[in-house]
Amino acid sequence: MQVKRLVLGTAVVAAGALLAACGTSEGATAQAPATTTTVTSTTTSTTTTTQTTTTTVEPTTTTTTTTTVAPTTTTTKPKPTTTTTKTTTTTPKPTTTTPKPPPPAKAEGAPCAATVRACIDLSANQSWLLENGKVVYGPVPITSGRPGHRTPPGTFKVGWKDIDHKSSEFNNAPMPYSVFFNGGIAFHQGSLKVQSHGCIHLSAAAAKMYFNSLKVGDTVQVVP
């Protein structure tokens, strides 16, 4: 606004000067009345208000959390060593000595025990009848089992007797005056030259004596 008013005042002053210099076309010499132009200069003060915005930044508080880890202390307690000493007390058992029974007394005149009633010696092919450890009959000749049917040695008991026995195993072979003492093995009358199938062959006279003298339960000993 101030600039426009200054320009307008300048234009008026220039027009007045022009008229004074040139006059009129009629040559009038009269001087034109002086026109005084008062230029009022109005100064407008523009107040610029600068708004300053102050931003207050709150201080950043950094919280550092320090975690203190307590050191781990491992305490190893040594286990007490316990030594257990077992004391074994051995109580000696009383030594009991069982006296061994004395060997059976031998019969007089026979290779068997004095307690037997009949004695058979396979190697000598002989047999005896005894009573109270003494020979009362014999020795008499015998024949025993052949190979594959040997008469077994040992001590046996008379089981049963049959005066007129027939062998069902060997075609009803006659076995007169049989005295059985070991299963199917018996004293009986038979050949003194031919071996048997395990029985003890006696002469007819000896077979009768054995049959009449021996009873069920009497002991018979066979020695090799």
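Me: A polar contact is a pair of N or O atoms within 3.5 Å, where one must be able to donate a hydrogen and the other to accept it. In this predicted model, which residue offers the backbone oxygen that the side chain of Thr143 reaches at 3.5 Å?

Reply: Thr143 lies in the loop between β3 and β4, and its contacts beyond four places in sequence include Ser191, Leu192, Lys193 and Val194. Its side chain reaches the backbone oxygen of Ser191 at 2.9 Å, but that is not the distance in the question. The backbone oxygen at 3.5 Å from the side chain of Thr143 belongs to Val194.

Me: Is Thr143 buried or exposed?

Reply: Besides the residues named above, Thr143 is in contact with Gln195, Cys199, Ile200 and His201. The cut-off for burial is a relative accessible area under 20%. Thr143 has a relative accessible area of 9%, so this residue counts as buried.

Me: Which strands stand at the edges of the open sheet of 5 strands?

Reply: The pairing in this sheet is mixed, and the order of its strands is β3-β2-β1-β9-β4. An edge strand here pairs on one side only, which holds for the strand of residues 134–141 and for that of residues 154–157. Neighbouring strands of the sheet are turned by 20° against each other on average, with direction ignored. The edge strands are β3 and β4.

Me: Which residue is the bridge partner of Lys157 in β9?

Reply: β4 and β9, the latter made of residues 219–223, run antiparallel and are joined by 4 bridges. In β9, the residue paired with Lys157 is Thr219.

Me: In the hairpin formed by β2 and β3, which residue in the turn has a positive phi?

Reply: Strands β2 and β3 run antiparallel with 5 bridges between them, and Leu129 stands opposite Tyr137 of β3. The hairpin that β2 and β3 form leaves 2 residues between the strands, and the turn holds a residue with a positive phi of about 55°, namely Asn132.

Me: How far apart in space are Thr115 and Asn132, C-alpha to C-alpha?

Reply: Thr115 has its place in the loop between α1 and β1, and with 64% relative accessibility this residue counts as exposed. In sequence, Thr115 and Asn132 are 17 residues apart, while the distance in space between their C-alpha atoms is 6.6 Å.

Me: Why do β5 and β8 each have one side without a neighbour in the sheet?

Reply: These strands belong to an open sheet of 4 strands with mixed pairing, in the order β5-β6-β7-β8. β5, residues 160–167, and β8, residues 200–202, stand at the edges of that order, so one side of each is left without a neighbour, since each has a single partner strand.

Me: Which residue of β7 stands opposite Val179?

Reply: β6, residues 173–182, and β7, residues 185–189, pair in the antiparallel sense over 3 bridges. Across this pairing, Val179 has as its opposite residue in β7 Phe187.

Me: At about what angle to β6 does α2 run?

Reply: Helix α2, residues 204–213, also packs on the sheet that holds β1, β2 and β3, touching these strands, and its direction makes about 145° with that of β3. The helix α2 lies across β5, β6, β7 and β8 as well, and its angle to β6 is about 45°.

Me: How many residues apart in sequence are the parts tied together by the pair of Phe156 and Phe181?

Reply: The rings of Phe156 and Phe181 form a tilted aromatic pair, 6.2 Å centre to centre, with 50° between the planes. Phe156 is buried with a relative accessible area of 17%, and Phe181 is buried with 5%. Because Phe156 lies in strand β4 and Phe181 in strand β6, the pair ties together parts whose separation in sequence is 25 residues.

Me: Is Trp160 buried, partly exposed or exposed?

Reply: Trp160 and Phe180 form a stacked aromatic pair, with 4.0 Å between centres and 10° between the planes. Trp160 lies in strand β5 and Phe180 in strand β6, so this pair ties together parts 20 residues apart in sequence. Phe180, at 3% relative accessibility, counts as buried, whereas Trp160, at 39%, counts as partly exposed.

Terms used. Residues numbered from 1 in each chain as written. Predicted model: local features only at pLDDT ≥ 70, side-chain atom pairs only at ≥ 80, totals over all residues. Heavy atoms only, no water. Pairing = 2+ DSSP bridges. Axes fitted to C-alpha atoms, helices over the stretch in contact; angles between N-to-C directions. Contact = heavy atoms within 4.5 Å. Buried < 20%, exposed > 50% of the residue type's maximum accessible area, 1.4 Å probe, protein only. Phe/Tyr/Trp six-rings, centres within 6.5 Å; stacked < 30°, edge-to-face > 60°.
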